[in-house]
Amino acid sequence: MSETYLEQVLDGEAIWTDIEDFVGAWHDGNGLGQELHDYLGMTWNEYALWVERPDALRAIIASHELEEPLEELLERSDDKAVAARGLTQEDAKAVREWLRQTGRLPG
Amino acid sequence: MATPDWPASRLRREERVAAKLVQRLNLEPPIDVGKVAQQFVDVELEPIPGECDGLVLGLQGGRARPLVLLDNGQAKPRIRFTLAHELGHVLLPWHFGNSFLCETSRVRLFEASADYNFEPEANRFAAELLVPSSWLDRLVAGLGSDRVAPLMDALRLADVSAYVACLRLREALPAGHTFVISRGGTVLISGRTQGRGLYAVNPPETGENFERERLDRFAHHVEDLDYGSTHVTWWTFRGEQPPAGAGADSRSSRQVLDVMLERHLDDAGERSRVRASLGGVIGAAYGEATRQGPLAPAELYVRFRGRFAVHRPGIPNSLTRDPDFELWLHKRAEELG
């Protein structure tokens with residue numbers, strides 16, 4: 001693979017959930033001489049975060065795409081944040097309330 | 001049926017992700033989108049308040065897997081599309097946010113936006129998943145692109161709405177096709193295939209009355225079909241039409257035009273102005289045609305006609321309705337072809 005995991009994901013050439021395949025390829029000898037985080041296209045800190053918190057992978061990818069600091073994205077990624085797309089404010093409010101009432105969103 | 005090279009390079013990245021999935025899972029329409037989604041998310045179908053078609057929760061964690069909720073009040077093709085759309089938010093990881101509430105019927109959201117907006121990307125992901133380009137290209141290669149109705153009929157297999165079917169064909173067909181989806185005489189959505197200038201025949205826009213007389217009159221083909229609860233019309237402005245009897249008239253195009261102008265305009269200055277306008281329209285169409293290579297008169301004629309499918313304020317309607325107007329177009333095409 002000539003491009004890193006992150007480059008391929010951001011170019012639509014790889015599905016982001018396939019990261020374990022890239023890790024497996026590195027263990028099989030791909031990316032000779034490269035450290036794994038470089039092979040994946042991550043900084044060491046990003047890689048360390050992913051190992052510790054696999055849920056953070058989307059935020060790591062998004063920070064590369066959106067060119068926003070990872071720390072800021074992680075702070076924004078709390079359970080209460082719901083982006084309404086194409087809905088009126090009234091409808092969005094009604095849906096959020098319904099999600100809370102049904103226990104799908106924290107109160 | 002020959003399999004054309006799959007032009008993956010023409011796909012946008014969100015479509016490439018969907019295409020990867022199609023390729024990996026060896027999918028063919030009708031795509032079992034529920035089965036595909038089960039690999040990545042949990043799915044529940046129930047009434048959702050308001051106009052919300054679907055939503056996805058837990059993208060950034062907090063759940064074992066993201067949860068997609070779908071409003072069960074939608075028609076089946078729309079539920080399928082909404083599920084594919086929500087799956088797009090899941091599989092396009094730069095769609096940052098823990099949850100998205102979506103109203104996917106806003107088809108305008110297919111269009112590129114100046115602002116970064118995840119919704120058009122999720123829509124295009126969904127469209128590519130449900131009607132894969134690789135499959136659609138084979139369909140067009142097999143059925144041809146001259147007539148659109150057979151392609152629309154074949155797309156019924158994909159179990160998508162008229163919106164999605166037309167928008168996918170808009171991407172797959174060559175320049176020279178225009179469509180309107182209407183209900184009760186009102187345009188719901190319209191569009192045309194790629195290309196500018198020569199083929200840029202713009203249809204009436206969303207919300208306008210469905211005025212079609214001029215499009216009908218100057219199109220090479222007109223195709224009407226019912227699709228779900230909507231009516232779909234496609235006009236084709238490409239193809240060939242040999243002159244029928246034009247050769248029997250020995251006059252030049254200029255002579256034909258002079259007689260027509262005399263018939264419709266009393267003022268010599270006005271005649272001169274309209275003549276210049278007509279010359280400009282034909283000149284522009286011919287210029288674009290020749291840039292694409294030499295064309296036979298029968299093809300030039302179809303292209304010239306298409307230029308009058310849009311209202312041109314400087315050219316009286318009575319002139320374009322004159323029985324000799326077609327003769328003039330034929331003769332001009334023969335002289336230039």
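Two strands count as paired when DSSP finds at least two bridges between them. Keep that in mind as you click through this predicted model.

**Stop one: a strand with two neighbours.** Select residues 177-183 of chain B, which form strand S5. Of its 7 residues, 6 are buried, so the rest of the structure largely encloses this strand. Now add residues 230-236 of chain B: this is S8(B), running antiparallel to S5(B) and joined to it by 6 bridges. Click on B:Phe179 and look across to its bridge partner in S8(B), B:Trp234.

Next, bring in S6(B), residues 186-192, which pairs with S5(B) in the antiparallel sense, again over 6 bridges. In this strand, the bridge partner of B:Phe179 is B:Gly191. Follow the chain round the hairpin of S5(B) and S6(B), where 2 residues sit between the strands, and you'll meet B:Gly184 with a positive phi near 60 degrees.

**Stop two: charged pairs.** Show B:Arg321 and B:Glu213, a salt bridge whose closest N and O atoms are 3.2 Å apart. B:Arg321 is in the loop between H12 and H13 of chain B while B:Glu213 belongs to helix H8, so the pair ties together parts 108 residues apart in sequence.

Then pick B:Arg263 and B:Asp322, another salt bridge, with 2.9 Å between the closest N and O atoms. This one links helix H9 to the loop between H12 and H13 of chain B, so it ties together parts 59 residues apart in sequence. Which of the two is buried, and which is partly exposed? B:Asp322 is buried at 5% relative accessibility, whereas B:Arg263 is partly exposed at 44%.

To finish, select B:Asp249, B:Arg251 and B:Asp324 as well: salt bridges with shared partners join them with B:Arg263 and B:Asp322 into one network.

Definitions and conventions. Residues are numbered from 1 along each chain as its sequence is written. Chains are lettered from A and ligands numbered from 1 in the order in which they are written. This is a predicted model: local features need pLDDT of at least 70, side-chain atom pairs count only at pLDDT 80 or more; totals for chains, interfaces and linings use all residues. Side-chain values use heavy atoms; hydrogens and water are left out. Buried means under 20% relative accessible area, exposed over 50%, partly exposed in between (1.4 Å probe, protein chains only). Helices (H or I, at least four residues) and strands (E, at least two) are DSSP runs, numbered from the N terminus. A salt bridge is a side-chain nitrogen of Lys or Arg within 4 Å of a carboxyl oxygen of Asp or Glu.
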